[in-house]
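Hi,

Here is the structure I said I would pass on. Have a look at it first, and then read on for what turned up.

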Amino acid sequence: MHDDSAGAAPVQKSSIFPDIVVGLGARENATRDEVLALLDGALASIGADRDQVAALATIHRKRHHPAMIAASAILGVSLLALPESALSADAPNPSALVGQHIGLPSVAEAVALVFGPLLLDKQRSANATCALSRCPPAYAVTSSSALSAASTLSTSSAGA
């Protein structure tokens, strides 16, 4: 795990479509501002910015975390919730503490790895973790369209 990322190579924008997925983990008392500051620091350390974020992602049981929901709203991206069964136990920086609390060796890295190779290993603040991955551009386009459609349908008042 890296608490700083000295020497990280800048990430070049690979397309006009956002393609970075942010894997997130958070304790109950994590705040929106803490999550956003951690995310901004992680992105800056690889030479990226918020415009390159395609989605935030976490484990299913954290899908209602207020800080994650607020961060996704501010960024204008979806918060994807993955079932624990979809995650690999082969994350590079497992945590015994996370393993004790939720039965998984990793959250942020394991979630990010579902979408593509890690751009940045797990970073942490007092109450949150994040890791960055790049999803293939074709997936990013497909996901964005599908998520936008799903979001529109779920908030539509058609037929009301």
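Before the hairpin makes sense, you need to know what counts as a strand and a pair: strands are DSSP runs of E, at least two residues long, numbered from the N terminus, and two of them pair if DSSP finds at least two bridges between them. Also keep in mind that this is a predicted model.

With that in hand, look at β4 and β5: a hairpin joins them through 3 residues. The two strands run antiparallel and share 4 bridges. One spot to find there is Leu120, whose bridge partner in β5 is Leu132.

Now for the whole sheet. It is open, has 5 strands in the order β3-β2-β1-β5-β4, and its pairing is mixed. Why do β3 and β4 each have one side without a neighbour in the sheet? Both stand at the edges with a single partner strand, so nothing in the sheet flanks the other side. On average, neighbouring strands are turned by 20° against each other, if you ignore direction.

For the parallel part of the mix, go to β1 and β2 (residues 53–59), which pair over 4 bridges. Val21 is a handy marker, as it stands opposite Ala55 in β2.

Two helices are worth a look against this sheet. Helix α2 (residues 66–75) lies across β1, β2 and β3, and runs at about 170° to β2. Helix α4 (residues 108–115) packs on the sheet as well, touching β1, β2, β3, β4 and β5, and its direction makes about 15° with that of β5.

Next, the charges. The count of salt bridges comes to 4. One of them joins the side chains of Asp19 and Arg134, at 2.8 Å from N to O. That pair links distant parts of the chain, since Asp19 sits in the segment before β1 and Arg134 in strand β5, 115 residues apart.

Last, the largest pocket. It holds about 540 Å³ of space. Which residues lie nearest its centre? They are Arg27, Ser95, Leu97, Val98 and Thr129, out of 22 that line the pocket. Split by class, the lining has 10 nonpolar, 7 polar and 5 charged residues. β1 (20–26), α3 (96–102), β4 (118–124) and β5 (128–134) each supply at least two lining residues, and α3 gives the most, with 4.

If you only have a minute, start with the hairpin between β4 and β5, then go on to the largest pocket, where those two strands each supply part of the lining.

Cheers

Notes
Residues numbered from 1 in each chain as written. Predicted model: local features only at pLDDT ≥ 70, side-chain atom pairs only at ≥ 80, totals over all residues. Heavy atoms only, no water. 1 Å grid on protein atoms, 1.4 Å probe; cavity = no way out; pocket = protein on both sides within 12 Å on 5 of 7 lines; lining within 4 Å. Points joined across faces, edges and corners; volume = space filled by probe spheres on them. Nonpolar A, V, L, I, M, F, W, Y, C, P; charged D, E, K, R; others polar. Axes fitted to C-alpha atoms, helices over the stretch in contact; angles between N-to-C directions. Contact = heavy atoms within 4.5 Å.
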